[in-house]
Each structure stands twice: as C-alpha cells, then as structure tokens.
Amino acid sequence: MLKLSERIMMAAKMVRKGSIAADIGTDHAYLPAWLILNGICPEALACDLRKGPLDNARKTVEHYGISDKIKLRLSDGFDEIEPFEAQDFIMCGMGGTLMAELVSRAYWLKDNDKLLILQPQSHAEDIRAHLIENGFEITEEDACTDGGKLYCAFSARYSGEKKKYSDAYIYYGRLPECKKPEAKQYLCKVVDRLKTKLEAEKLHGSSEKADNLSRIISETEEKINEMQPDS
Ligand SMILES: C[S@@+](CC[C@H](N)C(=O)[O-])C[C@H]1O[C@@H](n2cnc3c(N)ncnc32)[C@H](O)[C@@H]1O
C-alpha cells in the first residue's frame with residue numbers, strides 16, 4: 001500500500017472527504033493517489049509544470065490501477081485548471097514566494113467553497129502575507145518533522161474580509177494553536193532565522209527595519225511562550 005511521508009501526510013489530512021482534489025506540482029502523484037486509494041476523494045487531478053514529473057505521476061497511477069480516477073495535467077500553477085474541476089487545491093514542497101505568485105494568477109480561488117492546502121518549503125511568510133492581504137483566512141495549521149527537518153502546512157479559504165493582523169502574524173500564522181511539540185520547534189527555528197536577519201540589518205541595513213524585526217521577534221517569542229507547556 002502507498003505510504004506517504006510525514007510531510008505530505010500532514011497536507012493529505014487537511015483534504016475534505018468527498019472533495020475533488022487538485023495537486024499542483026504533483027511530481028510522482030503520491031498525494032492524489034493516496035487520497036483515491038484511501039477513499040478520501042472520488043477523483044483527483046495531478047498537475048505539474050513539467051513533462052518529466054508528469055511521467056512519474058503516470059507511472060504511479062498506472063501502478064495502482066487508478067488511471068480512471070486521476071486526471072494528469074501539464075499546467076503552470078492553476079493556469080490549465082477550470083474552476084469547477086476541483087474544490088481542494090494542494091501545493092506541497094514549493095517555495096512560499098512561488099505559491100503566492102501562482103495563487104495570485106487564479107482569481108477564481110477567491111471562492112468560499114474552495115480550500116487551499118499549502119506546505120511551503122521556504123518563505124512561508126510570503127504566502128501567508130499574500131493570503132491575508134487578499135481576503136483569505138488561514139483555517140488550520142500543523143507542523144511535523146520528516147527526515148530530521150521541520151515543516152509546516154496550513155489550509156486557507158477566501159472570506160473576503162481583510163482583517164487586521166500584526167506584522168508578525170505572517171511568521172507564525174495559526175501555529176501557536178497547534179498542540180504538537182513540532183509547532184513550537186518550528187517557531188523557534190523561525191525566530192532563529194529572524195534573529196540572523198536582524199543582526200545583518202543592524203550591521204548593514206536601516207534602523208527602522210531593524211526595529212520592526214525586533215518587534216516581530218518579540219511578538220513571535222511571546223506566542224511561543226504562551227503555547228501549552230506540553231506542546
Ligand atoms: C520539490 S517538487 C515537490 C513535489 C511534491 N509536491 C512533494 O511535495 O514532494 C516541486 C514540483 O513542483 C513542480 N513545479 C514547479 N513549478 C511549478 C509550477 N509553476 N506549476 C506547476 N508545477 C510546478 C516541479 O516540476 C516539481 O515536480
């Protein structure tokens with residue numbers, strides 16, 4: 001039976017039962033295959049920018065005999081997907097900056113019935129920032145370790161409301177609500193990276209940017225300290 005890595009499983013668990021899921025940047029199509037094989041989705045789309053990964057996807061769906069349930073699609077982001085083709089849209093293993101660019105091109109994702117499930121490999125703050133600036137809300141957030149590395153994943157949907165968030169929110173999202181120890185560990189890493197950035201800003205940058213970074217670090221540390229002692 002197909003077994004997913006912890007990282008991809010974290011995203012798979014956020015897919016709504018009964019929905020049609022589209023996996024963007026699917027590579028081997030392990031995620032959509034798992035969703036079909038485990039009865040989560042009746043159908044799915046496995047999409048990738050490049051032919052090589054889509055050939056990997058074809059091998060997986062043929063191996064598991066589910067070619068009739070998974071549509072393979074060469075697509076740059078959401079460009080070749082029709083809005084009615086799926087309800088849950090997953091992107092795993094891409095950088096948050098690229099995710100933000102791809103989401104910005106698909107205006108039709110601004111639909112309360114659609115769910116985005118995102119596992120950014122880096123720059124998670126870029127995709128969180130894009131979402132909240134465009135009326136999306138983060139609905140759930142999770143963290144895990146996989147192969148000794150920490151990862152986060154979150155779901156988001158359009159609400160149309162532009163709520164007021166602090167500058168620090170894009171760095172921690174809803175991870176402070178997650179009870180797993182990995183969430184706290186992940187946020188500690190975020191703070192470490194911000195502190196490195198702060199040192200560089202103090203040496204070669206502007207004092208205004210350094211002050212803002214200091215405030216972001218303090219708020220993120222406060223959130224970490226408020227997390228449950230067992231998390
Ligand atoms: C690092 S792999 C991640 C594969 C899988 N989602 C995972 O998490 O293990 C990134 C995949 O995204 C695809 N990709 C990169 N840019 C893309 C784009 N603009 N649209 C669709 N797929 C893209 C790549 O071809 C590659 O297969």
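**Exercise 1.** Work out in what order the strands of the open sheet sit, and which strands form its edges.

*Solution.* Start with the order: this predicted model has an open sheet of seven strands, arranged 3-2-1-4-5-7-6, and the pairing is mixed. Next, look for strands that pair on one side only: these are strand 3 and strand 6 (136-146), the edge strands. Finally, check the twist, which averages 15° from one strand to the next.

**Exercise 2.** Find out how strand 5 and strand 7 pair, and which helix lies across strand 5, strand 6 and strand 7.

*Solution.* Recall that strands of a sheet pair through backbone hydrogen bonds, either parallel or antiparallel. Here, strand 5 (residues 115-119) and strand 7 (residues 149-158) go antiparallel, with three bridges. For a spot to look at, try Leu116, which faces Ala156 in strand 7. Now add the helix: helix 5 (residues 124-133) lies across strand 5, strand 6 and strand 7, at about 10° to strand 7.

**Exercise 3.** Decide whether helix 2 is largely enclosed or not, and explain why.

*Solution.* Count first: six of the eight residues of helix 2 (residues 30-37) are buried, so the rest of the structure largely encloses this helix. Then name them: Leu31, Pro32, Ala33, Trp34, Leu35 and Ile36. Their packing partners include helix 1 (6-12), strand 1 (21-24) and helix 3 (51-63). Just past helix 2, Gly39 has a positive phi of about 70°.

**Exercise 4.** Explain why Cys92 forms no disulfide.

*Solution.* A disulfide needs two cysteine sulfurs within 2.5 Å. The closest cysteine sulfur to that of Cys92 belongs to Cys144, and it's 10 Å off, so that's too far for a bond. In fact, the structure holds zero disulfides.

Methods
Residues are numbered from 1 along each chain as its sequence is written. This is a predicted model: local features need pLDDT of at least 70, side-chain atom pairs count only at pLDDT 80 or more; totals for chains, interfaces and linings use all residues. Side-chain values use heavy atoms; hydrogens and water are left out. Buried means under 20% relative accessible area, exposed over 50%, partly exposed in between (1.4 Å probe, protein chains only). Helices (H or I, at least four residues) and strands (E, at least two) are DSSP runs, numbered from the N terminus. Contact means heavy atoms within 4.5 Å. Two strands pair if DSSP finds at least two bridges between them. Axes are lines fitted to C-alpha atoms, for helices over the stretch in contact, and angles run from 0 to 180 degrees between N-to-C directions.
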